[in-house]
Number of protein chains: 2
Amino acid sequence: MTEQHIATPERNVYAADCPTRQVLDQVAHKWTVLIIGILCEGPHRYGQIARAVEGVSPRVLSRTLRDLERDGLVRRELLNASPPAVEYTLTPLGQGLEEIISPIRDWAERHLDEIHGARERFDDEAGQQDRTPWQRQKPMP
Amino acid sequence: MTEQHIATPERNVYAADCPTRQVLDQVAHKWTVLIIGILCEGPHRYGQIARAVEGVSPRVLSRTLRDLERDGLVRRELLNASPPAVEYTLTPLGQGLEEIISPIRDWAERHLDEIHGARERFDDEAGQQDRTPWQRQKPMP
DNA sequence: CCGGGTACTATCAATTTGATAGTATGATCA
DNA sequence: TGATCATACTATCAAATTGATAGTACCCGG
């Protein structure tokens, strides 16, 4: 038992060595959010998650699940089925994430049109603006 | 004006081409969360953000801010100061993110000890477990 | 005993990130 | 009249991460 949380290293999330930030970096990750989202609907097998979360490669899925398991957010259980199967479940700790992850999804869905509108406007105006008034121009190659 | 949101392509965040997921990928990003967090405290100049968010490189900061601006979440304003200065401010749309981003920080802070405890336990048990009962062992190099 | 399904890992290329240095501009200072 | 400083970036290239794809060990049903 190491005694590394007797001195909490600066309660400042913006400091590079803040432990809170390590946790944050893990949770604020695109695949994490999607995978936790799926697991909120109940336990899933590896292949089920792979098919549900479109576009995730087995390498990244495996890695993300192991990281989540490491942090105590999901539990990995080996079922003794005919072809060996593995089931992933949210731990009680992981279930707490539902309340903070679903607002993200909801927000994204609610403001989708605003955001895509802004994007189009930005891209249209792109060529006309000079973002570097203190620099002449990027030199032509 | 393209008319691409008349047919909403599958209201399924888990589909690769879902527009909600594009937004999600942007918001659920470690630097985004930290930068928005800083901007929630008020307008900041580029250098202020760079110093506040420890460890972010100018390249990534610049890129992230431009992406946020593109999505209409922050506004970039050129101040006419002696050495030209730039101020970044949350738009009303971006301000809405405070309510969903601060819960993430709070959650991470609240469950920090649990998570780090789980991590230590996992790392300790690491060598002893056999995670692949359907495979013998990884071949020794 | 062949093919299919499971849950991954290995391998390598492609993309992204990070570290660092450079640049244009004007104010200030010597 | 330079020299220096400060700002807000961009350029460049190495390093880390990700992604695509193929392979593996196991068992079962045909």
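**The interface of chain A and chain B**

Mentor: In this predicted model, chain A and chain B bury about 6,200 Å² between them, and carbon and sulfur atoms give 64% of that area.

Trainee: Which three residues supply more than any other three of the area that chain A buries against chain B?

Mentor: They are Tyr14(A), Arg70(A) and Trp107(A), which supply 14% of that area.

Trainee: How many residues are in contact across the two chains?

Mentor: On chain A, 63 residues are in contact with 63 residues of chain B. A residue counts here because its heavy atoms come within 4.5 Å of the partner.

Trainee: What makes the pair Arg70(B) and Asp123(A) a salt bridge?

Mentor: The closest N and O atoms of Arg70(B) and Asp123(A) are 2.5 Å apart. The cut-off is 4 Å, between a side-chain nitrogen of Lys or Arg and a carboxyl oxygen of Asp or Glu, so the pair qualifies. Arg70(B) sits in helix 4 (residues 58-70) of chain B and Asp123(A) in helix 7 of chain A, so the pair crosses between chains.

Trainee: Are Arg70(B) and Asp123(A) buried or exposed?

Mentor: Neither word fits. Arg70(B) has a relative accessible area of 24% and Asp123(A) has 40%. Partly exposed covers values between 20% and 50%, so that is the class of both.

Trainee: Why is the pair Asp25(A) and Lys30(B) called a salt bridge?

Mentor: The N to O distance between their side chains is 3.9 Å. That value falls within 4 Å, so the rule accepts the pair. This pair also crosses between chains, from helix 1 of chain A to helix 2 (residues 30-40) of chain B. Asp25(A), at 22% relative accessibility, is partly exposed, and so is Lys30(B), at 32%.

Trainee: How many salt bridges are there between chain A and chain B, and how many over all chains?

Mentor: The count between the two chains is 6, and the structure holds 10 over all chains.

Trainee: What makes Arg63(B) and Asp67(B) a salt bridge, and where do they lie?

Mentor: Their side chains meet at 3.4 Å, N to O, which is within the 4 Å cut-off. Both residues lie in helix 4 of chain B, 4 residues apart, about one turn of the helix. In general, an α-helix has 3.6 residues a turn, so residues three or four places apart point the same way. Asp67(B) is at 17% relative accessibility, under the 20% limit, and therefore counts as buried.

Trainee: What joins the side chains of Arg119(A) and Asp71(B)?

Mentor: A polar contact of 2.6 Å joins them; the limit for such a pair of N or O atoms is 3.5 Å. Arg119(A) lies in helix 7 of chain A and also touches Gln22(B), Val23(B), Gln26(B) and Arg70(B).

Trainee: Why is Arg119(A) called buried?

Mentor: Its relative accessibility is 11%, and buried means under 20%, so the name follows.

Trainee: Where is Asp71(A) found, and which residues does Asp71(A) touch?

Mentor: Asp71(A) is in the loop between helix 4 and strand 2 of chain A. Not counting residues up to four places away in sequence, Asp71(A) touches Gln26(A), Leu93(A), Ile115(B), Ala118(B) and Arg119(B). The side chains of Asp71(A) and Arg119(B) make a polar contact of 2.6 Å. At 1% relative accessibility, Asp71(A) is buried.

Trainee: How many residue pairs are in polar contact across the interface?

Mentor: The rule finds 16 pairs, with both residues at pLDDT 80 or more. Helix 7 gives the most to the side of chain A that touches chain B, with 10 residues. By class, that side has 32 nonpolar, 12 polar and 19 charged residues.

Trainee: How do you know that helix 2 of chain A is largely enclosed by the rest of the structure?

Mentor: Of its 10 residues, 9 are buried, so the description holds. Among them are Trp31(A), Val33(A), Ile36(A) and Leu39(A).

Trainee: How many disulfides does a search of the whole structure find?

Mentor: The search finds 0 over all chains. A disulfide would need a pair of cysteine sulfur atoms within 2.5 Å. As for accessibility, Cys18(A) is buried at 2%, whereas Cys40(A) is partly exposed at 24%.

Notes: Residues numbered from 1 in each chain as written. Chains lettered and ligands numbered in written order. Predicted model: local features only at pLDDT ≥ 70, side-chain atom pairs only at ≥ 80, totals over all residues. Heavy atoms only, no water. Buried < 20%, exposed > 50% of the residue type's maximum accessible area, 1.4 Å probe, protein only. Buried area = accessible area lost by both parts, 1.4 Å probe. Polar contact = N/O pair within 3.5 Å; in protein donor to acceptor, adjacent residues only side chain to side chain. Helix = DSSP H or I, 4+ residues; strand = E, 2+ residues; numbered from the N terminus. Nonpolar A, V, L, I, M, F, W, Y, C, P; charged D, E, K, R; others polar.
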